[in-house]
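Hi,

Here is the structure I promised to pass on. Have a look at it first, and then read my notes below.

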Amino acid sequence: MKKALQEAEMAFDKDEIPVGAVVVIDNKVIARSHNLTELLNDVTAHAEMQAITSAANFLGGKYLKGCTLYVTLEPCQMCAGALYWSQISKIVFGASDEKRGYKALGTQIHPKTEVISGVLEKECAELMTSFFQKKR
Ligand SMILES: [Zn+2]
């Protein structure tokens, strides 16, 4: 999660909403990414979406079985949907997103995917808060 936070800080420095993600398999980082929606002018350029694509490229297969995604913010419904399709084994997220998180919107994660929330929650949430304070 610390590495995901580093990615989020990179997004912060680029004036992107600070969300970072890494994908790990067998204790090895195989993908790291951060939100790039502003740079790419693409609302789908969330950290998780890029992490899924780059992890699948690394593995040479579309499914992420055996992988864990660490992401600083609760995935949105788009990312939860993409993670569903990836059949990823585990999702660990930091801060909850009460408004736009997949839980609030009733999106399903794959039933075989284990979800752990609240890891480094305070740090992840503080980064978001300071980003939006800077914006105002
Ligand atoms: Zn998302």
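To start with something you can check by eye: is Cys76 buried or exposed? Keep in mind that this is a predicted model. Cys76 comes out as buried, because its relative accessible area is 16% and the cut-off for buried is under 20%. Cys76 sits in the loop between β3 (67-73) and α3 (77-86). Setting aside neighbours within four places in sequence, its contacts are His46, Glu48, Arg100, Gly101 and Tyr102.

That brings us to the metal. The zinc ion has three protein donors, His46 through ND1 and Cys76 and Cys79 through SG, at 2.0 to 2.3 Å. Along the chain, the donors are spaced as H-x29-C-x2-C. His46 belongs to the loop between β2 and α2 while Cys79 belongs to helix α3, so this pair ties together parts that are 33 residues apart in sequence.

How accessible are the other two donors? Cys79 is buried, at a relative accessible area of 0%. His46, on the other hand, is partly exposed, with 23% relative accessibility. The loop that holds His46 runs between β2 (28-34) and α2 (47-59). If you leave out residues up to four places away in sequence, His46 touches Asn35, Thr37, Cys76, Met78 and Cys79, so two of the zinc donors, Cys76 and Cys79, turn up in that contact list.

The UniProt record, an unreviewed entry, has a "binding site" feature at His46, Cys76 and Cys79. These residues are spread over 34 residues of sequence but cluster in space, with 9.1 Å as the largest C-alpha distance. From this set, His46 and Cys76 are part of the lining of the largest pocket.

The same kind of record also lists "domain: CMP/dCMP-type deaminase" for residues 1-105, again from an unreviewed entry. That span is 33% helix and 25% strand, and its end C-alpha atoms are 24 Å apart.

One more spot, away from the zinc topic: Phe131, in helix α4 (residues 121-135). Phe131 is buried, with a relative accessible area of 2%. What does Phe131 touch, not counting residues up to four places away in sequence? The answer is Phe12, Asp15, Glu16, Ile17 and Pro18. Pro18 is 113 residues from Phe131 in sequence, yet the C-alpha to C-alpha distance between them is 7.2 Å.

Cheers

Key. Residues are numbered from 1 along each chain as its sequence is written. This is a predicted model: local features need pLDDT of at least 70, side-chain atom pairs count only at pLDDT 80 or more; totals for chains, interfaces and linings use all residues. Side-chain values use heavy atoms; hydrogens and water are left out. UniProt positions are given in the numbering used here, feature names are shortened, and annotations may be inferred rather than shown by experiment. On a 1 Å grid over the protein atoms alone, a cavity is a set of points where a 1.4 Å probe fits but cannot get out, and a pocket is an open set with protein on both sides within 12 Å along at least five of seven lines; lining residues have an atom within 4 Å of a point. Helices (H or I, at least four residues) and strands (E, at least two) are DSSP runs, numbered from the N terminus. Buried means under 20% relative accessible area, exposed over 50%, partly exposed in between (1.4 Å probe, protein chains only). Contact means heavy atoms within 4.5 Å. Donors are N, O and S atoms within 2.8 Å of the metal (3.2 Å for Na, K and Ca); water is not among the atoms, so sites may look incomplete.
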